[in-house]
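Visitor: Before I accept any label attached to this model, I would like to hear the reasoning behind it. Could you take me through it step by step?

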Amino acid sequence: MKNWIWALPAVLLVVGVSAFAYLSIPSAVTDVTLEDTTSQDINEVDDAPQVIGYVGCSNTWQTIEGYHAAGGDKFWPANKNYGGGTIAAWANTIDSGSKYWAAFDHFVALYPDTDTIWWQLCVRHEEANAPYADAEKLLEAIHDRVPDAMVYVSSLPEYPDAECGITETIGIERGDALVIELLEKNPELVAGPVLQPMTSDKTTFDNCHINDESRPLLGAELKTFFD
């Protein structure tokens, strides 16, 4: 009995270390949490006809959030992990993995009937020379994951009266040019929706992201196009 009592602290220490090690194991989808899925709880939409996926950045998931607020039910839920998802960010992490691909792959597994992808091209101003090869690499990765899906490609809307410091005008222009080139060189692609300009009354303080009041407006346009 005395030997067992002396051994107890060591046993508890081993159990505690093991539990900590288990909780510390990285997961491919640790970034995909209910807190990040903003428009709906993914546990509540398994029976919904979620057949349209998306690739993009912050403005993309904010538009998706607006789509659901406008009554749409075909798109995957909005997810904050798409924030910062430029063409380069997606293309450069296809093999290494990232929060973008973790979220995308999670939704592909959750909604196996996905047959459409909306791809919104996001380009930061410092990436204004983003090579076409990166866009093609990203497109190939989309086809690998959802080979039978129809892919619609759009660029970010323009900022007519208050330039977004993240993209600047040059980033928007590069996105527009890549959309044209992608459509010319990939006949299987379809031109996606051209959303209304991001005037200053529709953006947050940074003149880039969509404010809460305007998300349903852009979401309604997405709903009209796809539904």
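Guide: Let us begin with a pair of helices in this predicted model: the axes of α2 and α7 come within 6 Å and cross at roughly 80°.

Visitor: What makes α2 roughly perpendicular to α7?

Guide: Angles of 65 to 115 degrees count as roughly perpendicular, and because the crossing angle is roughly 80°, α2 is placed in that class relative to α7.

Visitor: Which residues of α2 and α7 meet?

Guide: From α2 the contact draws on Trp61, Gln62, Thr63, Ile64, Glu65, Gly66, Tyr67 and Ala69, and from α7 on Arg215, Pro216, Leu218, Gly219, Leu222 and Lys223. By class, the residues of this contact comprise seven nonpolar, four polar and three charged.

Visitor: How do you know that Cys57 and Cys122 form a disulfide?

Guide: The rule asks for a pair of cysteine sulfur atoms within 2.5 Å, and since the S to S distance of Cys57 and Cys122 is 2.2 Å, the pair qualifies as a disulfide. The link is left-handed, with -75° about the S-S bond. It links distant parts of the chain, 65 residues apart, with Cys57 in the loop between β1 and α2 and Cys122 in the loop between β2 and α5.

Visitor: Why are Cys57 and Cys122 called buried?

Guide: Buried means under 20% relative accessible area; Cys57 has 8% and Cys122 has 3%, so each of these cysteines is buried.

Visitor: What makes Cys164 and Cys208 a disulfide?

Guide: Their sulfur atoms are 2.0 Å apart, and because the cut-off is within 2.5 Å, Cys164 and Cys208 are joined by a disulfide. Cys164 lies in the loop between β3 and α6 and Cys208 in the loop between β4 and α7, so the pair ties together parts that are 44 residues apart in sequence. With 105° about the S-S bond, this link is right-handed, and both Cys164 and Cys208 are buried. By the same rule the count comes to two disulfides, and the bonded cysteines, numbered in sequence order, pair as 1-2, 3-4.

Visitor: How do you know that the span of α4 agrees with what is expected?

Guide: Helix α4 has twelve residues, which at 1.5 Å a residue should span 16 Å, and its end C-alpha atoms are 16 Å apart, so the two values agree.

Visitor: Which residues of α4 are buried, and what covers them?

Guide: In α4, Tyr100, Trp101, Ala102, Ala103, Phe104, Phe107 and Val108 are buried, and what covers them includes β1, α3, β2 and α5.

Methods
Residues are numbered from 1 along each chain as its sequence is written. This is a predicted model: local features need pLDDT of at least 70, side-chain atom pairs count only at pLDDT 80 or more; totals for chains, interfaces and linings use all residues. Side-chain values use heavy atoms; hydrogens and water are left out. Helices (H or I, at least four residues) and strands (E, at least two) are DSSP runs, numbered from the N terminus. Buried means under 20% relative accessible area, exposed over 50%, partly exposed in between (1.4 Å probe, protein chains only). Axes are lines fitted to C-alpha atoms, for helices over the stretch in contact, and angles run from 0 to 180 degrees between N-to-C directions. Angles under 35 degrees count as roughly parallel, over 145 as roughly antiparallel, 65 to 115 as roughly perpendicular and the rest as oblique. Contact means heavy atoms within 4.5 Å. Ala, Val, Leu, Ile, Met, Phe, Trp, Tyr, Cys and Pro count as nonpolar, Asp, Glu, Lys and Arg as charged, and the others, Gly among them, as polar. The expected span of a helix is 1.5 Å times one less than its number of residues.
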